[in-house]
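Visitor: I'm new to this, and the whole thing is a bit much at once. Could you pick one part and take me through it slowly, then show me how it sits with the rest?

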Amino acid sequence: MIAEEGARLGSEAARSVVRLGCADVLPGLSEEEFARIEEEFGFAFSDDHRAFLAAGLPVNRSSSTGRQQSWPNWRDGDPDELRERLARPVQGVLFDVEHNSFWSTHWGAKPDMPSQALEVAGRELAAVPQMVPVYSHRCLPAGRGTCGHPVLSIHQTDIIHYGTDLADYITQEFNGPPHGEGASCLRSTVAFWRDLVD
């Protein structure tokens, strides 16, 4: 069961996608499809993300370019591509550990050996909240029973807020009218990732 606030935010975001014309919108995901996706990929959608995808599944407008889909197609998308997109936030942090001297102070002292540093970082990152792509590299945290998180743009350890919540994000990303009160109402909500927000 989706909480009322999650249902409201997800439905509002879905209406914005249609109003702004930023995707083709297919019929929403069914409960059976959600169960299959969450079992196959090992996470649970947040309530607002779930309500958004239940109202309609946004997909890229038809094209023959063959490029990666900016909207994840949870119904018919390539499972390997979806797995790669789900892994990308953590893989980006590991890239910065290996190549850009990134180290979280919460992980203790950084080992001198790069291979050991990667091992420790990988172990620590296995415990952080899963980030789920909404569009391109914009993500919401996974978690049934949660909603209202800011959408984060995650590129390695360069992370910024891209909307106060899912409904605000859609309008900000696709140049619609502002939904929320702007940056003043942004709050960092999800463990580890909030520490990297610019």
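Guide: A residue is buried under 20% relative accessible area, exposed over 50% and partly exposed in between (1.4 Å probe, protein chains only). This is a predicted model, where local features need pLDDT of at least 70 and side-chain atom pairs 80 or more, while totals for chains, interfaces and linings use all residues. Numbering starts from 1 along each chain as its sequence is written, and side-chain values use heavy atoms, with hydrogens and water left out.

Let's get our bearings. The protein has six helices and six strands (DSSP runs numbered from the N terminus: H or I of at least four residues for helices, E of at least two for strands). Walking along the sequence, you meet them in the order α-β-α-α-β-α-α-β-β-β-β-α. Of the 198 residues, 46% are buried. Now take the contacts, meaning heavy atoms within 4.5 Å, whose partners have a separation of 6 or more: 60% of them link residues 24 or more positions apart.

The part I'd pick is helix 5, which runs over residues 114–125. How far should its twelve residues span at 1.5 Å a residue? The expected span is 1.5 Å times one less than the number of residues, which gives 16 Å here, and the end C-alpha atoms are indeed 16 Å apart. Next, look at which residues hide: Ala117, Val120, Ala121 and Leu125 are the buried ones in helix 5. Those four sit on the same side of helix 5, because they cover an arc of only 130° around the axis (the arc is taken from the directions of the C-beta atoms as seen from the helix axis). Turn to the face that points away from this buried side, and you find Ser115, Glu119 and Arg123, which are exposed.

What do the buried residues of helix 5 pack against? Their partner is helix 4, residues 79–99. The two helices pack at an angle of about 155°, and their axes are 10 Å apart. That angle makes helix 4 roughly antiparallel to helix 5. (Axes are lines fitted to C-alpha atoms, for helices over the stretch in contact, and angles between N-to-C directions run from 0 to 180 degrees; under 35 is roughly parallel, over 145 roughly antiparallel, 65 to 115 roughly perpendicular and the rest oblique.) On the helix 4 side, the contact is made by Val90, Val93, Leu94, Val97 and Glu98. Helix 5 brings Ala117, Leu118, Ala121, Gly122 and Leu125 to that contact.

The loop between helix 4 and helix 5 holds Ser101. Most residues other than glycine have a negative phi. Ser101 has a positive phi of about 60°, even though it isn't a glycine. Its relative accessibility is 60%, so Ser101 counts as exposed. Another residue of this kind is Gln156, with a positive phi near 55°. Gln156 belongs to the loop between strand 5 and strand 6 (158–163), and at 24% relative accessibility Gln156 counts as partly exposed.

While we're in that neighbourhood, check Ser153 in strand 5, residues 151–155. Ser153 counts as buried, because its relative accessibility is 7%. Leaving out residues up to four places away in sequence, Ser153 touches His137, Arg138, Asp158, Ile159, Ile160 and Tyr162.

Now set helix 5 beside another pair. Helix 1, residues 4–20, has 17 residues and reaches 24 Å between its first and last C-alpha, close to the 24 Å expected. Gly6, Leu9, Gly10, Glu12, Ala13, Ala14, Ser16 and Val17 are buried there. Strand 1 (24–26), helix 3 (47–55), strand 2 (57–59) and helix 6 (166–173) are among the elements that cover the buried residues of helix 1. The axes of helix 1 and helix 3 come within 7 Å and cross at roughly 45°, so helix 1 and helix 3 are oblique to each other. At their contact, residues of helix 1 including Ala7 and Ser11 meet residues of helix 3 including Asp47 and Phe52.

One last stop is Ala167 in helix 6. Ala167 is buried, with a relative accessible area of 1%. Although Ala167 and Gly10 are 157 residues apart along the chain, their C-alpha atoms are separated by 6.8 Å.
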